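Reader: I should be grateful for a close look at a single part of this model, namely the ligand and its surroundings. Please treat the matter as one connected account.

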Amino acid sequence: MSDDALLSPEALEERLRAIGAERYHILHPFHRLLHDGALSKPQVQAWALNRYYYQASIPAKDASLLARLPTPDLRREWRRRLVDHDGDGVKPGGVERWLVLCDGLGLERGYVMSLQGLLPATRFAVDAYVRFVRERSLLEAVASSLTEMFSPNIISERVSGMLRSYDFINEATLAYFTPRLTQAPQDVAFALDYVKREARTRAEQEQVLGALRFKCDLLWAQLDALHFAYVAPGLPPPGAFRP
Ligand SMILES: O=C(O)c1cc(C(=O)O)c2c(n1)C(=O)C(=O)c1cc(C(=O)O)[nH]c1-2
């Protein structure tokens, strides 16, 4: 088959999964340390504080994607993500549950939400995700969410590893992750089906693959920055969180 031939939907999915197997942040040394119990409490605090910005920005990227969807069916499907993250006013959403995780680690909420201690690279990476979803095609925007294909594995590994290894972590602290184990597969079922159906040319299929690579890279870059600042060589930039 020539290099520019249309892939079958199954072959496209296979290539997406191969990107995850090569590049998903479960493979990053910082996650290995986090999940194996090799980090100190201040290092885990730095992870939670930085990741708060990712969590808090996800509804902004989903709202901009939602605004571009052309039909009520599609918008209703994507709207669920906003409720998952923002809550419905009665049940807390993911952003609030992430703050519970930060509370459990002894971080002051006001400080976390102020973003004052954020690493510059976290801000650049997360902002790049929000901008990508706003500016690229709808197909690429949907495809960029597909790292969630790989998140149930990392979440199971993280929760069991962290509960086993850290005396400052308990099930209540990690309650953020429990609903994600059912929400992520539901999100993925829709998004994967969408890109397999809507990428109608090989060029569009390559855009889908490129969007997933971009997303893996920005997740990886966030952990590179954490590793550099808080593990080795351990050089937090000016103004960043200092344990
Ligand atoms: O724990 C993780 O490693 C992880 C990874 C990802 C991901 O792969 O983007 C998400 C989440 N968690 C997550 O909790 C979450 O709500 C989420 C939303 C999205 C997205 O791109 O829309 N990714 C992720």
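Author: Helices here are DSSP runs of H or I with at least four residues, numbered from the N terminus. The model is predicted. With that convention, five helices each supply at least two residues of the shell around the ligand: H3 (41-68), H4 (72-86), H9 (151-165), H10 (177-198) and H11 (202-230). The most is given by H3, which contributes 5 residues to this shell.

The composition of the shell may be considered next. Around the ligand there are 21 residues, of which Tyr24, Tyr54, Tyr129, Tyr176 and Lys215 come nearest. By class, the residues of the shell divide into 9 nonpolar, 7 charged and 5 polar.

Three side chains place polar atoms at short listed distances from oxygen atoms of the ligand, taking a polar contact as a pair of N or O atoms within 3.5 Å. For Arg158, an N or O atom of the side chain is 2.7 Å from a ligand oxygen atom. For Arg51, a polar side-chain atom lies 2.8 Å from an oxygen atom of the ligand. For Thr147, the separation between a side-chain N or O atom and an oxygen atom of the ligand is 2.9 Å. The protein buries 99% of the 470 Å² that the ligand exposes when taken alone. As for its location, the ligand sits in the largest cavity.

The wider chain may be set beside this site. An unreviewed UniProt entry lists residues 14-224 as "domain: Thiaminase-2/PQQC". That span, residues 14-224, is 75% helix and 0% strand, and its end C-alpha atoms lie 27 Å apart.

Two points of backbone geometry complete the account. Most residues other than glycine have a negative phi, and most peptide bonds are trans. Leu115, although not a glycine, has a positive phi of about 65°, and Leu115 is placed in the loop between helix H6 (109-114) and helix H7 (120-135). The peptide bond from Ala232 to Pro233 is cis, with omega near 0°, and Pro233 is found in the segment after H11.

Note on methods: Residues numbered from 1 in each chain as written. Predicted model: local features only at pLDDT ≥ 70, side-chain atom pairs only at ≥ 80, totals over all residues. Heavy atoms only, no water. Near = heavy atom within 4 Å. Polar contact = N/O pair within 3.5 Å; in protein donor to acceptor, adjacent residues only side chain to side chain. Areas by Shrake-Rupley, 256 points an atom, 1.4 Å probe, with all protein chains shown as cover. 1 Å grid on protein atoms, 1.4 Å probe; cavity = no way out; pocket = protein on both sides within 12 Å on 5 of 7 lines; lining within 4 Å. Sits in = over half its atoms within 2 Å of the grid points. Nonpolar A, V, L, I, M, F, W, Y, C, P; charged D, E, K, R; others polar. UniProt positions renumbered as here; feature names shortened; annotations may be inferred.
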